[in-house]
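Got the sequence and the model open side by side? Let's walk through them with a few questions.

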Amino acid sequence: MSTGAGALDRPLTVVPPGERGATRIADRVVAKIASQAAREAVGTLPPDAGRPSASVVVHHEVAHVRIQLELGYPCDIGARCRKVRHQVVERVSTLAGMQVPEVVVQVERLHLDAALGAVQGRTQ
């Protein structure tokens, strides 16, 4: 009857780190990181605005990101989109270790500030 002790007598094989395997981060995980980064960058949204969402395609540790968001209006739309791009690149690079050469920001809807709408006689 074998006790398996022979297996312990063999020296352990040390496998170099590059040959141990790979970690793959799913596209949907990167999309969650990107959408959270967009939420952080956008800041406070109007009460009826939807939360930013993201879609991502990852190929060879390079993430191509598309962000869909809604913004309050009036605002500097270009500056807010730049801030979103910067935050998404920084977060995905830091948390997922991926390059992000492209972040497309798509503004789906602008929400008129309620006070401005009342002054102009508009209702929502």
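Q: What is the order of the strands in the open sheet?
A: Keep in mind that this is a predicted model. The sheet is open, has 3 strands and shows mixed pairing. β1 and β3 are its edge strands, since each pairs on one side only. Reading across, the order is β1-β2-β3.

Q: How many bridges join β1 to β2?
A: Strands of a sheet pair through backbone hydrogen bonds, either parallel or antiparallel. β1 and β2 take the antiparallel option, and they form a hairpin with 2 residues between them. One pair to look for is V56, which stands opposite V65 in β2. The count of bridges joining β1 to β2 is 7.

Q: Which residue in β2 is the bridge partner of V57?
A: V57 sits in strand β1, which covers residues 53–59. β1 runs antiparallel to β2. Look across to β2 and the bridge partner of V57 turns out to be H64.

Q: Which residues of β1 point to the buried face?
A: In a regular strand the side chains alternate between the two faces of the sheet. β1 follows that pattern: S53, S55, V57 and H59 point to one face and are not buried. Pointing to the other face, and buried, are A54, V56 and V58.

Q: Why do the buried residues of α3 line one face of the helix?
A: An α-helix has 3.6 residues a turn, so residues three or four places apart point the same way. In α3, the buried ones are C81, V84, Q87, V88, V92 and A96. Looking down the axis of α3, these buried residues line one face because they fall within an arc of 130 degrees.

Q: Which residues are exposed on the other side of α3?
A: The buried residues of α3 have cover that includes α2, β2 and β3. Swing round to the other side of α3 and you find exposed residues instead: R82, K83, H86 and T94.

Q: How many Å apart are the end C-alpha atoms of α3?
A: Helix α3 has 20 residues, numbered 77–96. At 1.5 Å a residue, α3 should span 28 Å, and the model agrees with that. The end C-alpha atoms are 28 Å apart.

Q: Which residue just after α3 takes a positive phi?
A: Helix α3 covers residues 77–96. Just after α3 comes a residue with a positive phi of about 65 degrees. That residue is G97.

How values were computed
Residues are numbered from 1 along each chain as its sequence is written. This is a predicted model: local features need pLDDT of at least 70, side-chain atom pairs count only at pLDDT 80 or more; totals for chains, interfaces and linings use all residues. Side-chain values use heavy atoms; hydrogens and water are left out. Helices (H or I, at least four residues) and strands (E, at least two) are DSSP runs, numbered from the N terminus. The expected span of a helix is 1.5 Å times one less than its number of residues. Buried means under 20% relative accessible area, exposed over 50%, partly exposed in between (1.4 Å probe, protein chains only). The arc is that of the directions from the helix axis to the C-beta atoms. Contact means heavy atoms within 4.5 Å. Two strands pair if DSSP finds at least two bridges between them.
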